[in-house]
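Colleague: I have a structure open and would love to learn how to read it. Could you walk me through it, one question at a time?

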Amino acid sequence: MDSILPPASAATTGEDLLDAYSHAVSHAAAQAHPAVVHIEITGADGQRGSGSGFFISPDGYLLTNSHVVHDARELRVFLADGRKLAADLVGDDPHTDLAVLRVSADDLVHLTLANSAAVRPGQVAIAIGSPMGFQQTVTAGIVSGLGRSLRGASGRLIDNIIQTDAALNPGNSGGPLVNTRGEVIGVNTAIIRPAQGICFAIASNTVRWVAGWLIKDGRIRRSFIGVAGQNVPLIRKVARYHHLAQETGVLVAGLEPDSPAARAGLTEGDIVLALDDTPTPSVDALHKLLTGDRVGERAIVRFLRGVELRRHAIIPLEMPSER
């Protein structure tokens, strides 16, 4: 986890701490600003909208939210240096509310995706974007919570969401949530109205995986087992008893009727530990295993039911495009 403040001492004043905080936020904003863009969208129905995005490579690939660009007829990107460029949709994944665009330009300043598994509640989070059309707006707060679930536009739960109180408004969608080193820890995606200070971002580890496949194939072919998962720690005594190297697993918080998981005999409250002997310490890890090449292929799911370790056969199915 990044650290921004010096150790407290008798000589450290409140003003010193405030100056250190201000410096950390302004430094991160300066690092990220050149890579953040404003996106203007013309929809298939002629309606106009806008959002935010950021470059992830020097050759023009940029990330934003699916709900910002889905069904767009025309996309224009406004860069921090004043350029206005047409953009093409490379790939769109409503299930994670992520999309990749590309512009025809080279040597672009781009941001690095951090390891979101290292993010901790309380660390500083900085959001940059174009709320209400005001480009390059910076807000700062903290990471309020981890491992949240959010229902996307497709109706599927997006897991491993970061909660922050860094203020977001319409137009921030698709912009980066960065740490004090200017590294992306999440993609800003939603707020809860009329609540104040409850905002959400898609974790960077999820973003990295989705963006890679969208750039490669333009879409993501997935298998699914039909569980709503949540990261949970394992009881130490149980983990030691079963000689488990991992400390966390995926809690089955919900089951889709007649899904592969339901057919395999999983129930709510089970904790999934592995798929075909590959550990699943997190929802991200499970999602990475449920790739298109697993569709229709028999696998063994290992899970805890209470203190009992079980293994059941499961056959993942292909996730329909409308899911």
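**Reading the model together**

Modeller: Let's start with a single residue: E183 has a relative accessible area of 22%, so E183 is partly exposed. Please keep in mind that this is a predicted model.

Colleague: Thanks! Which residue forms a salt bridge with E183?

Modeller: Side chains of opposite charge can pair when their charged atoms come close. For E183, the closest N and O atoms of the salt bridge are 3.2 Å apart. The partner has a relative accessible area of 46% and is partly exposed. That partner is R181.

Colleague: How many salt bridges does a search of the whole structure find?

Modeller: Let's look at two examples before the total. D81 and R83 meet through their side chains, with 2.9 Å from N to O, and R83 is partly exposed at 35% relative accessibility. R263 and D258 also form a salt bridge, with their closest N and O atoms 3.2 Å apart, and both of these residues are exposed. Over the whole structure, the number of salt bridges is 11.

Colleague: Now the inside. Which element gives the largest share of the largest nonpolar core?

Modeller: In soluble globular proteins, nonpolar side chains tend to be buried together. Here the largest nonpolar core has 30 residues, and F54, L63, I126 and V207 touch the most other members. Elements that each supply at least two residues include helix 1 (14-32), strand 3 (61-64), strand 7 (124-129) and helix 3 (204-217). The largest share is five residues, and it comes from helix 3.

Colleague: How many residues are in the other core, the one with F55 and V68?

Modeller: This core lies apart from the largest one. Besides F55 and V68, its members include A105 and L108. Its residue count is 17.

Colleague: Back to strand 3. Which residue of strand 3 is the bridge partner of F54?

Modeller: Strand 2 (residues 48-55) and strand 3 pair in the antiparallel sense over two bridges. They form a hairpin with five residues between them, and G60 in the turn has a positive phi of about 105°. Along strand 3, Y61 and L63 point one way while L62 and T64 point the other way, and all of them are buried. The bridge partner of F54 is L63.

Colleague: And in strand 6, which residue is the bridge partner of L62?

Modeller: Strand 3 pairs with strand 6 too, in the antiparallel sense. Four bridges make up this pairing. Within strand 6, the partner of L62 is L101.

Colleague: I can see a barrel. By what angle are neighbouring strands of this sheet turned against each other on average?

Modeller: The barrel is closed and has six strands in the order 7-8-9-12-11-10, with antiparallel pairing. When direction is ignored, the average turn between neighbouring strands of this sheet is 50°.

Colleague: Which residue of strand 12 stands opposite I162?

Modeller: Strand 9 and strand 12 run antiparallel and are joined by four bridges. Helix 3 packs on the sheet, touching strand 9, strand 11 and strand 12. The residue of strand 12 that stands opposite I162 is A201.

Colleague: Is N160 buried or exposed?

Modeller: N160 sits in strand 9. Most residues other than glycine have a negative phi. N160, which is not a glycine, has a positive phi of about 60°. Its relative accessibility is 16%, and the cut-off for buried is under 20%, so N160 counts as buried.

Colleague: What about D276: where is that residue found?

Modeller: D276 is another residue other than glycine with a positive phi, near 50°. At 33% relative accessibility, D276 counts as partly exposed. Its place is the loop between strand 16 (271-275) and strand 17 (278-279).

Colleague: One last question: what distance separates the C-alpha atoms of A264 and L85?

Modeller: A264 lies in helix 5 (residues 260-264) and counts as buried at 12% relative accessibility. Leaving aside neighbours within four places in sequence, A264 is in contact with H312, A313 and I314. A264 and L85 are 179 residues apart along the chain, and their C-alpha atoms are separated by 50 Å.

Terms used
Residues numbered from 1 in each chain as written. Predicted model: local features only at pLDDT ≥ 70, side-chain atom pairs only at ≥ 80, totals over all residues. Heavy atoms only, no water. Core = buried A, V, L, I, M, F, W, Y, C linked by side-chain atoms within 4.5 Å. Buried < 20%, exposed > 50% of the residue type's maximum accessible area, 1.4 Å probe, protein only. Pairing = 2+ DSSP bridges. Axes fitted to C-alpha atoms, helices over the stretch in contact; angles between N-to-C directions. Contact = heavy atoms within 4.5 Å. Salt bridge = Lys/Arg side-chain N within 4 Å of Asp/Glu carboxyl O.
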